[in-house]
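I opened a fresh page for this one. I wanted to look at the ligand's surroundings and then at some backbone angles.

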Amino acid sequence: MIDVSALTVRFRTKTGHVDAVREASFHVGEGEVFGLVGESGSGKSTILRALSGLAPIASGHMKIGSHVLGEKVPRAFRRDVQMVFQDPYGSLHPRFTVDQTLREPLTINGIDRQDERIVDALGEVGLGPAYRFRYPHQLSGGQRQRVAIARALIVEPRVLLLDEPTSALDVSVQAEILNLLRRLHRERRLTMVLVSHNLAVVGFFCQRVAVMRNGEIVEQCDIASIRAQRVEHEYTRSLLIATGGYQREPSYASHSGANGGVTKR
Ligand SMILES: Nc1ncnc2c1ncn2[C@@H]1O[C@H](COP(=O)(O)OP(=O)(O)O)[C@@H](O)[C@H]1O
Ligand SMILES: [Mg+2]
């Protein structure tokens with residue numbers, strides 16, 4: 001579904017340029033959840049921005065589905081690939097009601113039956129119709145992130161890019177949002193790329209992970225290796241230690257109403 005080969009992203013700066021991503025290559029199969037982990041500034045968000053056609057590509061190739069990413073990004077691509085950001089406060093328009101927020105992408109993409117789709121999308125993210133005419137400041141952080149997820153899903157994308165979707169939330173709310181994302185993945189067979197600095201979050205629902213450092217992918221491994229702490233690269237090991245490893249806690253899972261939970265040790 002996603003093919004990235006030798007991707008280099010170069011930003012111009014006052015003094016010259018910075019290669020935020022260097023020669024990154026990875027592949028994400030259809031319906032797979034792929035994780036990108038690494039410390040702050042390692043280039044994770046830049047890869048997601050490149051995948052959504054929003055970063056200056058110096059060299060390399062990218063393909064999402066049948067779309068080859070180049071200079072111009074076609075409308076159909078914009079609909080197929082949706083992104084959810086870390087900060088639901090910043091990503092929702094403060095003067096738009098939930099209804100307006102969800103209606104906008106439908107109108108842009110010329111999609112019909114808008115009222116019905118808006119009510120359905122709210123239901124899918126666990127918000128009743130009562131939330132439809134609220135403004136962002138009348139919602140909790142978790143509810144705002146649910147609205148941001150509904151906005152991404154309402155155009156029925158094939159790929160969902162998630163940039164630290166739970167990092168700005170309280171720990172209990174983080175688990176709710178992760179469980180919601182996992183349910184949506186199961187139900188819709190979406191292909192997802194999840195960025196996180198937290199290996200526990202990534203271990204919760206990714207199948208494979210790329211570990212980034214200083215703009216480069218230093219290691220790719222399947223999640224079983226992460227869980228077993230069986231990793232090749234010293235840097236990945238230090239990340240594992242920094243995140244306190246990976247652990248599932250059943251009591252937490254029953255509290256959040258799903259069959260898995262995430263916790264830090
Ligand atoms: N628009 C930009 N102009 C210049 N440098 C940038 C820009 N965006 C990101 N960078 C730089 O690229 C590097 C990677 O950033 P980013 O992808 O945001 O990291 P991460 O998401 O892993 O924290 C950082 O050094 C950052 O300063
Ligand atoms: Mg980032």
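My notes below take the ligand first and the backbone after that.

**Ligand 1.** I kept in mind that the model is predicted. I started by asking which residues are around ligand 1. I wrote down F11, T13, V18 and A20, then G38, and then S40, G41, S42, G43, K44, S45 and T46.

Next I looked up which elements supply at least two residues each to that shell. I found β1 (2-13), β2 (16-28) and α1 (44-51). The largest share is from α1, with 3 residues.

I also sorted the shell around ligand 1 by residue type. I got 8 polar residues, 3 nonpolar and 1 charged.

**Backbone angles.** A reminder to myself: most residues other than glycine have a negative phi. With that in mind I checked two glutamates.

E156 has a positive phi, near 55°, and is not a glycine. I traced E156 to the loop between α6 (141-153) and β7 (159-163).

E164 is my other entry, with a positive phi of about 50° in a residue that is not a glycine. I placed E164 in the loop between β7 and α7 (171-188).

**Buried or exposed?** I asked how E156 counts, and it is partly exposed, because 14 other C-beta atoms lie within 10 Å and partly exposed falls between 12 or fewer and 20 or more. E164 counts as buried, because it has 21 C-beta neighbours inside 10 Å and 20 or more is the cut-off for buried.

Note on methods. Residues numbered from 1 in each chain as written. Chains lettered and ligands numbered in written order. Predicted model: local features only at pLDDT ≥ 70, side-chain atom pairs only at ≥ 80, totals over all residues. Near = placed C-beta within 6 Å. Helix = DSSP H or I, 4+ residues; strand = E, 2+ residues; numbered from the N terminus. Nonpolar A, V, L, I, M, F, W, Y, C, P; charged D, E, K, R; others polar.
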